[in-house]
Amino acid sequence: MEIIISIISILISALSVTIAILSFASNKAELIIFKSKDGEDALPVISGELKAVYTDSKKKEHTINSIEGLLFHIQVFNPSPKDIAYFHMGFTLNDRPAEMWTKKSFAWATDDPKILYYDLLHGPSEINIPEERQGVFKAHSFTPLYLYMPIDLSPIPPKASFQFRYAVRRFPYVGKAHRYSEFIEEFSLKSFSEILQSKNKVMQQLTESKPQQAKPSQTPPYSKKHRRHRK
């Protein structure tokens, strides 16, 4: 009888441990970041390919054009039941912090700019940039982010990087350096200038191939006036 009681006690203890482990795993803070391999989601951007559009208090629309730069796309999934804070988000060039578009970048003009990406073939589409360099990935949320870094240096540095830190502890979970995790992506800029030149040529060809509209002063061939002149 004592043996049976001991076995039952062991089974109950094992079940309790299993439930505790499953509970910890289901409540563990975690971020899953989707991106292409080898920085394929990083696109060189020509001048004006990105635009920030906003409307002022007089209902007048304004446009702010991008300069040449780099556009990087990631998707962040927070499957955990907890909000996860992120901070220190940004690019570096020559190992120094670089500019990055956030909605706060346009706070002098508007609180809610519309960011449009003008694809050379498919036209404009609205994209989502971060609110600012720090924020929160909400529980059970999926967040697509477009990160744009203007580049006005000459010569272009050979590489750049993007990084941010987020509030998820990592092993061994002791010490300040292990109280957060870090996402880092590095990009080679060796062919950056050549790609920009190629895109500019394509843009010029597309612009030149657009059919020109008739001037307003010209008489359309199908108008009544034109037919009267032919009689």
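# Chatting through a predicted fold

Biologist: Which strands form the open sheet, and in what order?
Modeller: There are 4 strands in that open sheet, ordered β4-β3-β8-β9, and they pair in the antiparallel sense. Keep in mind that this is a predicted model.

Biologist: Okay, and which strands stand at the edges?
Modeller: Those are β4 (61-65) and β9 (123-127). Each has a single partner strand, so one side of each has no neighbour in the sheet. As for the twist, the average is 30 degrees from one strand to the next.

Biologist: How many bridges join β8 to β9?
Modeller: You'll find 5 bridges there, and the two strands run antiparallel. The link between β8 and β9 is a hairpin of 3 residues.

Biologist: Which residue in β9 is the bridge partner of Tyr117?
Modeller: That's Ser125. Leu116 has a bridge partner in β9 too, namely Glu126.

Biologist: Let me zoom out for a sec. How many helices and strands does the chain have?
Modeller: It has 3 helices and 13 strands. The chain is 231 residues long, and 31% of them count as buried.

Biologist: What about the surface, how much does the chain expose?
Modeller: About 16,000 Å², with 55% of that coming from carbon and sulfur atoms. And if you look at contacts in the chain with a separation of 6 or more, 72% are between residues 24 or more positions apart.

Biologist: Switching to helices. What span should α2 have, going by its residues?
Modeller: Helix α2 covers residues 192-209, which is 18 residues, and at 1.5 Å a residue it should span 26 Å. The C-alpha atoms at its ends are 26 Å apart, so the two values agree.

Biologist: Which residues of α2 are buried?
Modeller: Phe192, Leu196 and Lys199. They sit on the same side of α2, because they cover an arc of only 65 degrees around the axis.

Biologist: And what do those buried residues pack against?
Modeller: Three strands: β2 (42-45), β5 (69-78) and β8 (114-119). So β8 turns up again here, having also been part of the open sheet.

Biologist: Which exposed residues are on the face of α2 turned away from its buried side?
Modeller: Gln197, Lys201, Gln205, Glu208 and Ser209 are the exposed ones over there.

Biologist: Now β13. Which side chains point to the buried face?
Modeller: In β13 (residues 181-188), Ser181, Phe183, Glu185 and Phe187 point to one face and are buried. Glu182, Ile184, Glu186 and Ser188 point to the other face and are not buried.

Biologist: Why do they alternate like that?
Modeller: Because in a regular strand, side chains take turns between the two faces of the sheet.

Biologist: Which strand pairs with β13 over 8 bridges?
Modeller: That would be β12 (residues 159-166), and the pairing is antiparallel. For instance, Gln163 stands opposite Ile184 in β13.

Biologist: Last topic, Phe87. Where does it lie?
Modeller: Phe87 is in strand β6 (residues 84-93). Its relative accessible area is 31%, so Phe87 counts as partly exposed.

Biologist: What does Phe87 touch, leaving out residues up to four places away in sequence?
Modeller: Its contacts are Arg133, Gln134, Phe164, Arg165, Tyr166 and Tyr180. Also, Phe87 and Gly135 are 48 residues apart in sequence, yet their C-alpha atoms are 6.6 Å apart in space.

Methods
Residues are numbered from 1 along each chain as its sequence is written. This is a predicted model: local features need pLDDT of at least 70, side-chain atom pairs count only at pLDDT 80 or more; totals for chains, interfaces and linings use all residues. Side-chain values use heavy atoms; hydrogens and water are left out. Buried means under 20% relative accessible area, exposed over 50%, partly exposed in between (1.4 Å probe, protein chains only). Contact means heavy atoms within 4.5 Å. Accessible areas come from the Shrake-Rupley method with a 1.4 Å probe; for residues, only the protein chains shown count as cover. The expected span of a helix is 1.5 Å times one less than its number of residues. The arc is that of the directions from the helix axis to the C-beta atoms. Two strands pair if DSSP finds at least two bridges between them. Axes are lines fitted to C-alpha atoms, for helices over the stretch in contact, and angles run from 0 to 180 degrees between N-to-C directions.
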